[in-house]
Amino acid sequence: MRVRNEEKVQLVKQKAMEMVVSDGFEGFSVNKLARACGISVATLYIYYKDKDDLITEIALEEAKRMGEITLGDFDPELSFAEGLRKQWENRSRYILENPVASAFFEQLRTSTYQDKVMECIICDFKAKMGTFMQKAIKNKEVDAMPLEVYWSVAYAPLYSLLRFHHEGRSLGGKPFVLNEDIMWRTFDLVVKALTPSK
Amino acid sequence: MNTENILLFKSNIKTASDKFAVERILDIHPHIEQWTVDQQDEDCILRVISPRLTHNHVIDMVRGCGYHCEELKD
C-alpha cells in the first residue's frame, strides 16, 4: 500500500491553490498539478476522484484551517469592541500570512465550488458569531441590523485595506503598505460607526 | 482507505453519452464498489474501486463497450 506522505500532501495543496490563483479553475488540471509537484498523475488519482473532488477537498481543508485561525481563540463573551478587534486581528493575520489561500478563496467565491465550501465556513461562523452578536445587541453595544449592513461596516473596510496592501497600491495607483496605525485607526472609526447613539 | 483496491486507467470516455454506455456495465457489476471518470481530464481517468477485480478485468469490460482503456501506470 502507498504511504501517505504528509509533506507531499501539503505540497499538493499549496501548488493546487497556486495554480488556481494563476490559471483559474478552467486552466487547472490534475496532469499539470502532478507535474508541478513532481509526482505521478496516478498518485493524485489514488487520493482524489477527479478534478472537482480535488479542488473541493483542498478548499474544505483550507476553509477548516482558516476557521480555526479566525475563531480558535475567539471568546464570544468578549465585549463588542474587544471581540471585533480580535476578529480584525485574526482575519488580517490569516490573510497576510496566507496570501495564496486568500486569493484562492476569492476565486472560489465566484465559482461553482462556492456552495459546498462556503456552507462549511459559514456553519462554524454562525454558531460562534451568532452568540457574540446576540449578546452585543442585548447589551446595547450595537443595534440589530441586516447581516449585509453589518458586514459592510464591520469587515469590508478591513478587506479593502488588505486588498490595497496585496496590490501594493491604493486609489489612483498610490503606493500603499498596511501598517498597525492605519489598521487600528480604521478600526476605531468602524467601532464609532457601529456604536448606537445615546 | 485501502489504496490497493483503487484501479486507475486512461480512457476516452469523454462525453455524457460515453459515460452512459459504460455505466450500464460498471454500475451493476457486483465486484465494483464505486467508479468515477474524470471527464475534465485530457486522459479521462477512470477510477474503479474493487477489492476483487484486476486491471485486465476492467480493461476488457470497457473495451467491450467500444472504448479505449489502458492502465494508468505510476
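A UniProt annotation may be inferred rather than shown by experiment, and its positions are given here in the numbering used for this structure. I kept that in mind when I looked up chain A, where UniProt places the feature "DNA-binding region" (unreviewed entry) at residues 29-48. The model I am reading is predicted.

**Annotated spans, chain A**

I checked the backbone of residues 29-48 of chain A and found 75% helix and 0% strand. The end C-alpha atoms of that span lie 13 Å apart.

I then took the other annotation: UniProt lists residues 6-66 of chain A for "domain: HTH tetR-type", again from an unreviewed entry. Over residues 6-66, I read 87% helix and 0% strand, with the end C-alpha atoms 19 Å apart.

**Chain A as a whole**

I counted 10 helices and zero strands in chain A. From the N terminus on, I wrote the elements down as α-α-α-α-α-α-α-α-α-α. The box I took along the principal axes for the C-alpha atoms of chain A is roughly 65 × 40 × 25 Å.

I noted that chain A has 198 residues, of which 22% are buried. For contacts in chain A between residues at least 6 apart in sequence, I have 62% joining residues at least 24 apart.

**Helix α6 of chain A**

I went through helix α6 (residues 99-109) of chain A and listed A:Ala101, A:Ser102, A:Phe104, A:Phe105 and A:Leu108 as buried. Looking down the axis of α6(A), I found these buried residues within an arc of 155°, so they line one face of the helix.

What covers the buried residues of α6(A)? My list includes α1 (6-27), α4, α5 (80-97) and α7 (114-138) of chain A.

**Chain B**

I found two helices and four strands in chain B, and along the sequence I read the pattern β-α-β-β-α-β. The C-alpha atoms of chain B fill a box of roughly 30 × 25 × 20 Å along the principal axes.

I compared the radius of gyration with the globule rule: a compact globule of 74 residues would be near 11 Å, and chain B has 11 Å, so the two agree. Of the 74 residues of chain B, I count 24% as buried. Among its contacts between residues at least 6 apart in sequence, 59% join residues at least 24 apart.

**Nonpolar cores**

I looked up the largest nonpolar core and got 37 residues. Those with the most contacts inside this core are A:Ala16, A:Leu44, A:Leu54, B:Phe9, B:Ile45 and B:Leu46. I traced the largest share of this core, six residues, to helix α4 (residues 51-71) of chain A. Apart from this core I found another, of 12 residues, with A:Ala136, A:Leu158, A:Leu161 and A:Phe187 among them.

Which residues does B:Phe9 touch? Leaving out residues up to four places away in sequence, I have B:Ile45, B:Leu46, B:Val58, B:Ile59, B:Cys69, B:Glu70, B:Glu71 and B:Leu72.

**Contact between the chains**

How many residues does the contact take from chain A and from chain B? I tallied 14 residues from chain A and 15 residues from chain B. I sorted the chain B side that touches chain A by residue class and got seven charged, four polar and four nonpolar residues.

How values were computed
Residues are numbered from 1 along each chain as its sequence is written. Chains are lettered from A and ligands numbered from 1 in the order in which they are written. This is a predicted model: local features need pLDDT of at least 70, side-chain atom pairs count only at pLDDT 80 or more; totals for chains, interfaces and linings use all residues. A nonpolar core is a set of buried Ala, Val, Leu, Ile, Met, Phe, Trp, Tyr and Cys residues joined through C-beta atoms within 7 Å. A residue is buried if 20 or more other C-beta atoms lie within 10 Å of its own, exposed if 12 or fewer, and partly exposed in between; C-beta atoms are placed from the backbone. Two residues are in contact if their C-beta atoms, placed from the backbone, lie within 7 Å. Ala, Val, Leu, Ile, Met, Phe, Trp, Tyr, Cys and Pro count as nonpolar, Asp, Glu, Lys and Arg as charged, and the others, Gly among them, as polar. The arc is that of the directions from the helix axis to the C-beta atoms. The radius of gyration is taken over C-alpha atoms; the globule rule is 2.2 Å times the number of residues to the power 0.38.
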